[in-house]
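This report looks at one helix and its cap, one loop residue and the cysteines. The sequence and structure come next.

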Amino acid sequence: MRLRRIKGADEAVEKNPFCISNPSDLKGNWNMLFENKNPIRIEIGMGKGQFIMALARQNPDINYIGIERYTSVLFRALQKMEENPLHNLRFLCEDAIRLPEFFAPQEIDRIYLNFSDPWPKDRHAKRRLTSKPFLQCYQQILSPSGQIEFKTDNRNLFDFSLEEIQNAGWTIHAHTFHLHDDPLMNEGNILTEYEEKFSSLGNPIFKLIASR
């Protein structure tokens, strides 16, 4: 699907106070930005922010950082944030492969991956957010008890992720092929924009929880 560019989005994102323009300067010191020592959790590929904003509202004692590489998408999330600011949420407009440049070892408590681009062609497998190169990035920044939570409606991507994560030496604690029919896994589930769309079409939603 072609991304529609929004005129002026680049400039608006760069100037927005809720979007951190110098994340490398905060490496190891993100709790100074939030002015507390609460756990920090990130969502990679956060889209328009529905999921992470709901999390931040529900959990004021946890800090959240939403990461989205496309300014035209992040711009929409920032508009929502300006209408209803959240003290425990900030954003980055960056590529996830650079995470170790922005966060110190063990600085992140949890990583959310929701409906990531499946990159269906085999030659693009390394671009998938559950591929080995990205898992190596996550391992560098996650705390010893830190977890990844991954949701998708793409069965091929989910099967790839189950295998790739285990081959990388991670532990999969739970997984389901029908999230919304699984009472245990679905408890407290927050729907993303894509999840609402795909589940309304009858598509099953897949989810896994893993740790390093």
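In this predicted model, the N-terminal end of α7 is capped by Asn-154, which places a side-chain oxygen 3.1 Å from the backbone nitrogen of Asn-156. The helix itself covers residues 155-167, 13 residues in total, and its first and last C-alpha atoms are 18 Å apart, close to the 18 Å expected at 1.5 Å a residue. After α7 comes Gly-169, with a positive phi near 90°.

Which residues of α7 are buried? They are Leu-157, Phe-158, Phe-160, Ser-161, Leu-162 and Ile-165. The elements covering them include α6 (132-141), β5 (142-152), β6 (171-176) and β7 (206-211). In general, an α-helix has 3.6 residues a turn, so residues three or four places apart point the same way.

Glu-94 sits in the loop between β3 (89-92) and α5 (99-102). Glu-94 is buried, at 18% relative accessible area, and its side chain makes a polar contact of 3.1 Å with that of Arg-98. Leaving aside residues up to four places away in sequence, Glu-94 touches Pro-23, Ile-67, Glu-68, Arg-69 and Phe-102.

The structure has zero disulfides. Two cysteines are listed below with the distance from their sulfur to the closest cysteine sulfur.

| Cysteine | Closest cysteine sulfur | Relative accessible area |
|---|---|---|
| Cys-19 | Cys-93, 5.9 Å | 8%, buried |
| Cys-137 | Cys-93, 17 Å | 7%, buried |

Why does Cys-19 form no bond with Cys-93? The sulfur atoms are 5.9 Å apart, too far for a bond, because a disulfide needs them within 2.5 Å. For Cys-137, the 17 Å to the sulfur of Cys-93 is likewise too far.

How values were computed
Residues numbered from 1 in each chain as written. Predicted model: local features only at pLDDT ≥ 70, side-chain atom pairs only at ≥ 80, totals over all residues. Heavy atoms only, no water. Buried < 20%, exposed > 50% of the residue type's maximum accessible area, 1.4 Å probe, protein only. Helix = DSSP H or I, 4+ residues; strand = E, 2+ residues; numbered from the N terminus. Polar contact = N/O pair within 3.5 Å; in protein donor to acceptor, adjacent residues only side chain to side chain. Contact = heavy atoms within 4.5 Å. Expected span 1.5 Å × (residues − 1).
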